[in-house]
Every structure is written in structure tokens, then in C-alpha cells.
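Hello,

Here is the structure I promised to pass on to you. Please open it beside this message, and then read on for what turned up in it.

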Amino acid sequence: MTLKFEPTQLRAYFVCGTQDVPGQDLNMVVQTALDAGITAFQYRDKGNSQLTTAERFALGQQLRERCAQAHVPFIVDDDVELALALQADGVHVGQKDDRVTQVIQRVANQMFVGLSCSTLAEVQIANQLEGIAYLGSGPIFPTTSKADADPVVGLTGLRQLVMTASCPVVAIGGITVAQLPAIAATGAAGAAVISMLTRSPDMAATVKAMLTATEVH
């Protein structure tokens, strides 16, 4: 049974693949994050990943089950076929990936769709599309996790994107704990992070900071 999209799922959004935790068991990293209270998990296994297609699928099945048990949405990055095979709750696509309208049609009524948007023009186009659940906007700050990252958006740019977007926006890219309140102040629904959690000495405290920053007062 897939989870329906709720904007609150974007509050503490963890993005990770084997390439982000070299020498560690991704299953254990994700379980620790789930126990800490993340609100969404995106399986993004690419770049320097050493996994074969079969291994990526098998690991995805395990991670999908962990997320289901925690009632946390399991989202697959880019790979629509993998998302469908794993019966993911959502799929996240970039501007350079398969045409978004094709993805929306392919997964219609089976999962929600998130879209990366880093410019006002991209957000305005996304506003015209039926079937986009949320936008991922960034990088807000310089990032080391993505070799092909877009130019830095900054907090002012993020605020403009949030004001323009007709669906919730999750901020991504180079975010640290200290910047979480400033991100929340832009109106963004939350932060999507890789290294902020994978390199955290205390994941529970880091996730708590993410949740605290996005509390509705």
C-alpha cells in the first residue's frame, strides 16, 4: 500500500545511496535515520555506486520494506522503472531526466512525483503541469554531494521560488543545521539532505533540529 503525499513529509527528507556512505551498510544508515524520525527517504544510488542493477534492486527492496514499516515514504530518484518495480511511494525526477509529463503519465495513480526546479522559469513551467506533488529546489548553498549541481540559488532565490511555486518546495544542497531556521523562514516545507545526516555524529539530534525548524507555530 503506497503512502499518499503530504507536505509534512518534506520536513526531514533524507537522500542517500551507497556512494554516500562508503564502507558502511546503507540498510543500517537508513534504519538509524528512520529511528531518528526522518519524514521521507529518497533512494539515490548513482555516481560512484558500485552496485549492479540486480544489487540495486535487492537493496531497494530491503530499504522499501524498512520505510514501509516506519510509515515513511520511500522515493526513488530518477529511475522510473526501478520505482515501479519497487512499488515506491514516489519518484523524483530532474530537469535532465525523462520528460516529466511522460513520468507523470507512466506512474499515474501509483505514486507521487517530485521535480527538481532551480530557476523561476522551471517553477513556472512546473506550475502548468498536473500531477507534481512537490518541487526540490537548490542547491541553496554550495554542495559536494552532486558533481552536476546547478548554480547556487541562495536563500533569496529560494524565497522567490517558494512564492512562485503552486506546490510545496523542499530545499536541497549544502544545507547545515545552523541554516535550517533561515530555510524554514523562506516558506520552504523542509530540507532534503545527504551529507548533513550521513556525516552527523548524532543523527537523532540532527533530525530533531530539522523537525524543530519546520514546526508550525
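Helices and strands here are DSSP runs, with H or I over at least four residues for a helix and E over at least two for a strand, numbered from the N terminus. With that in hand, P22 can be placed in the loop between β1 and α1 (26–36).

Before going further, a word on the source: this is a predicted model, in which local features need pLDDT of at least 70 and side-chain atom pairs count only at pLDDT 80 or more, while totals for chains, interfaces and linings use all residues. Residues are numbered from 1 along each chain as its sequence is written, and side-chain values use heavy atoms, with hydrogens and water left out.

**Three single residues**

P22 counts as exposed because its relative accessibility is 65%; the scale is buried under 20% relative accessible area, exposed over 50% and partly exposed in between, with a 1.4 Å probe and protein chains only. The C-alpha atoms of P22 and S49 are 9.0 Å apart, with these positions 27 residues apart along the chain.

Q9 sits in the segment before β1 (12–16). Its relative accessibility is 10%, so Q9 is classed as buried. Leaving out residues up to four places away in sequence, Q9 touches K4, T39, A40, P73 and F112, where contact means heavy atoms within 4.5 Å.

G174 belongs to the loop between β7 and α7. At 29% relative accessible area, G174 is partly exposed. Apart from neighbours within four places in sequence, G174 is in contact with F141, P142, T143 and Q179. Its C-alpha atom is 8.1 Å from that of S195, and the two residues are 21 apart along the chain.

**Around strand β6**

In β6 (residues 134–137), Y134 and G136 point one way and L135 and S137 the other, and all are buried. β6 pairs with β5 (residues 112–116) in the parallel sense over 3 bridges; strands pair if DSSP finds at least two bridges between them. Y134 of β6 is the bridge partner of G114. Between β5 and β6 the chain passes through helix α5 (residues 120–127), in a right-handed β-α-β crossover. Right-handed means that, with the strands pointing away from the viewer, the path from the first strand over the helix to the second runs clockwise.

β6 also runs parallel to β7 (residues 169–172), joined to it by 3 bridges. There, G136 stands opposite V170.

**Empty space**

How many cavities of 30 Å³ or more does a search of the whole structure find? The search finds 1. On a 1 Å grid over the protein atoms alone, a cavity is a set of points where a 1.4 Å probe fits but cannot get out, a pocket is an open set with protein on both sides within 12 Å along at least five of seven lines, and lining residues have an atom within 4 Å of a point. Points are joined across faces, edges and corners, and a volume is the space filled by probe spheres set on them.

The largest cavity holds about 40 Å³. Its lining includes R11, M210 and T214, and α7 (180–185) contributes the most, with 3 residues.

The second largest pocket has about 310 Å³ of space. It is lined by 16 residues, of which N109, Q110, M111, F112 and V113 are the closest to its centre. Both α4 (100–107) and β5 supply at least two residues of that lining.

Best wishes
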